[in-house]
Amino acid sequence: MIGATIAVVLPIAVYIFMNLITVRVTKVKFGEAMPVTMILAVFIMIISHFVLSSFYYAISFFYVLSFVSLIYLLYMVIKPSNEDEKNVFLKNAFSNGFFAFIILCVAIIIWDKGRRLAFFDEFSHWGMMVKTMFRLDDYYTVNESNLIVHKDYPPFSSLINLIWVMINRNYSEKGCILSLHFYELSILILPIVEKYKEEKRIFSVSLMTTAMLAIVMLIMAGTQGYFPSIYADTPLMCTISLAMLLATEDDFFDNKFYQFCYIITCAAAMLFKQTGIALVLIPSAMLVWRIVFTGKYYGKRIGLILYTVFFALPGLACIKIWNGYVKPYNISKEFDMARVDFKSALRDIFSNGGGVYSTDFNTFMDGLIRRNVMGLRVSVSFLGAYLILIAIIALVLILLRKEYPVKDTIGVWFSLTCGTVGYYVIMAITFVFFIVQRNLSGYGRYASTYLSMEFLVVILLIIRILIKKNKVSFGILGMAFIILVLALVINPNRIYKITPSYFQKETKFDRWKVIAGSIDEKLPDGVSFYLLNDPKEDIKYVVHYMNDTNPLNIKFCDYTFSATQEDTELVKGIMDSIAAVDYLYVKDVPEKIESLFVTSDGKQIKSDALYKVINTDAGMILEKQ
């Protein structure tokens, strides 16, 4: 119990004390500083490995910073002189954002108590990435990594997980989940709470924080239920939301702190996933709109537009460095443009030739209008969700025209519209040219996550306007109304997925983890292993994930259930693969597959059983363990 409590409290304490350093250096409030602290912590991890070939130097640096911060805090509390400096620091350190962060900590800890990985991609790569980096103290791209897929993915999301894991010196699924939820909710909610002018109004701050937490979670319930996961999609969209909120700040071009925060936020977005590069164009479009159309920057437009382009360069440099790091490992990229014959593909699409590309393109375009992507009680397509967003922005134009400039509201619409069109083009390229013949598998997740970001931006912008204009009571009532509307329109099945983990049911992954754990216990370190299983099931990734600390050479069968003893080539391939390993685990295979193999006692192999592979002059023998 004590160990579990320390595993949660210690990373939070490290972030709090590091953030006090950011508060002292930047002279901004706690809640405004926290996004900078969290993002810079990841970049320090990247620099640590780049310069010193280890992440642990960064973790040690975090401990040193935290210790220095604690000493400085104590010094400022008891310091007898220079009262102005003392009062400014303590006021910024223990601002409304600090109390909001404490409320978030309590809420997230309760919400995630007992939560574990429960989605396919968490086992196939996202969780595996963190386990691999923790085990090797290196990136998952290296040859020693057992990661099966996506070894070329940028590492920002996994590094957020890794900080939490390495601070505790122990990998845990709960730690990975907590780390992302703290990141996602802190960077969105804390800066807005700091717009509240009244200091130390704990009750009002508590209401605002709790209401915004409910709003963010309800909007994210529209992301096909993936918000509780460690998928990179949600933190990426939260990061883009932060960039958009920064780009809409009144004094953005006069505030160096906002500009610095914007630069590192855009760089972070690009290092989450490749799509982050394109998504950064959304807040960039907002900045260009403000420069060109607000009239405030007349005479400085060309310079400021070039300045806006400059903001994206550090992120592009980071991507360039990452691609250069990955290149020597000759990793096969899933989204490699060189693999696609665009001429043939486009010819097939525009001639409606009935080929693979033409069929997938027609299916994809049909999904724009017909396929349900939001978690609402009624079916809402990508296009339908965009029209709802336009309606909300129109209401903002009408109801808040005195509180927020009309041109800026139109700018929000313009930038989000550019993003909507651009993101749909990216999805079209992805699903038509790369994820072919999969009946839009994953379409709902990608589409709903992006649309949730757009709704987040608009709703949080409305809340920020009301708080900045000191209409807090009206703002809190408005937030309560938003919560009520969201709760009424969102499908209860989606709301269930964001309920505290206490209410979550056992999943097939939980059962598979038990099986994978039993295999791990029975196998010596470093042996080779073959899993004979229905290829339609995902247990192979769970076995691979669970056995990462005992690095096994795991192979998976690729037979089909049409296999019979007469399929000599297929049988020989499976037999040769099994003969080349040390152990075989049989999981859920039909009787006609079981009949192909005989154990040392002359019986057929059975499902849910582990066998040792023994090669003799007479042939291969399977010995049940």
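How do the residues of the lining of the largest cavity divide into nonpolar, polar and charged? I opened the notebook with this, keeping in mind that the model is predicted. The lining of the largest cavity divides into nine nonpolar, no polar and four charged residues.

**Entry: the largest cavity.** I then looked up the cavity itself and found about 130 Å³ of space in it. Its lining is made of 13 residues, and those nearest its centre are Pro191, Leu242, Leu246, Glu249 and Tyr258. Helix 2, helix 8, helix 10 (233-247) and helix 11 (256-270) are the elements that give two or more residues to this lining. I noted that the structure holds four cavities of 30 Å³ or more.

**Entry: the second largest cavity.** Here I found about 60 Å³ of space, lined by Ile393, Val396, Tyr404, Thr409, Val412, Val458, Leu461, Ile462 and Ile465. Two or more residues of this lining come from each of helix 17, helix 18 (406-434) and helix 19, with helix 19 giving the most, four residues. By class I recorded eight nonpolar residues, one polar and no charged.

**Entry: the largest pocket.** I turned next to the largest pocket, which holds about 870 Å³ of space. Of the 33 residues that line it, Ile392, Ile459, Phe481, Ile482 and Val485 are the closest to its centre. At least two residues of the lining come from each of helix 9 (202-220), helix 17 (382-399), helix 19 (443-468) and helix 20 (472-489), and helix 20 gives the most, with nine residues. I counted the lining by class as 26 nonpolar, four polar and three charged residues. Helix 17 and helix 19 thus appear in my notes for this pocket and again in those for the second largest cavity.

**Entry: helix 1.** I followed helix 1 over residues 2-26 and found that its 25 residues reach 36 Å from the first C-alpha to the last, close to the 36 Å expected at 1.5 Å a residue. Its buried residues include Val8, Pro11, Ile12, Tyr15, Met18, Asn19 and Val23, and the buried residues of this helix pack against helix 2 (30-52), helix 3 (56-78), helix 4 (83-93), helix 5 (96-111), helix 7 (156-168) and helix 8 (173-193). Just after helix 1, I noted a positive phi of about 60 degrees at Lys27.

**Entry: the whole chain.** I closed with the protein chain, which has 25 helices and five strands and in which buried residues make up 54% of the 625 residues. Among contacts between residues at least 6 apart in sequence, 75% join residues at least 24 apart. The chain exposes about 27,200 Å², of which carbon and sulfur atoms supply 63%.

Terms used. Residues numbered from 1 in each chain as written. Predicted model: local features only at pLDDT ≥ 70, side-chain atom pairs only at ≥ 80, totals over all residues. Heavy atoms only, no water. 1 Å grid on protein atoms, 1.4 Å probe; cavity = no way out; pocket = protein on both sides within 12 Å on 5 of 7 lines; lining within 4 Å. Points joined across faces, edges and corners; volume = space filled by probe spheres on them. Nonpolar A, V, L, I, M, F, W, Y, C, P; charged D, E, K, R; others polar. Expected span 1.5 Å × (residues − 1). Buried < 20%, exposed > 50% of the residue type's maximum accessible area, 1.4 Å probe, protein only. Contact = heavy atoms within 4.5 Å. Areas by Shrake-Rupley, 256 points an atom, 1.4 Å probe, with all protein chains shown as cover.
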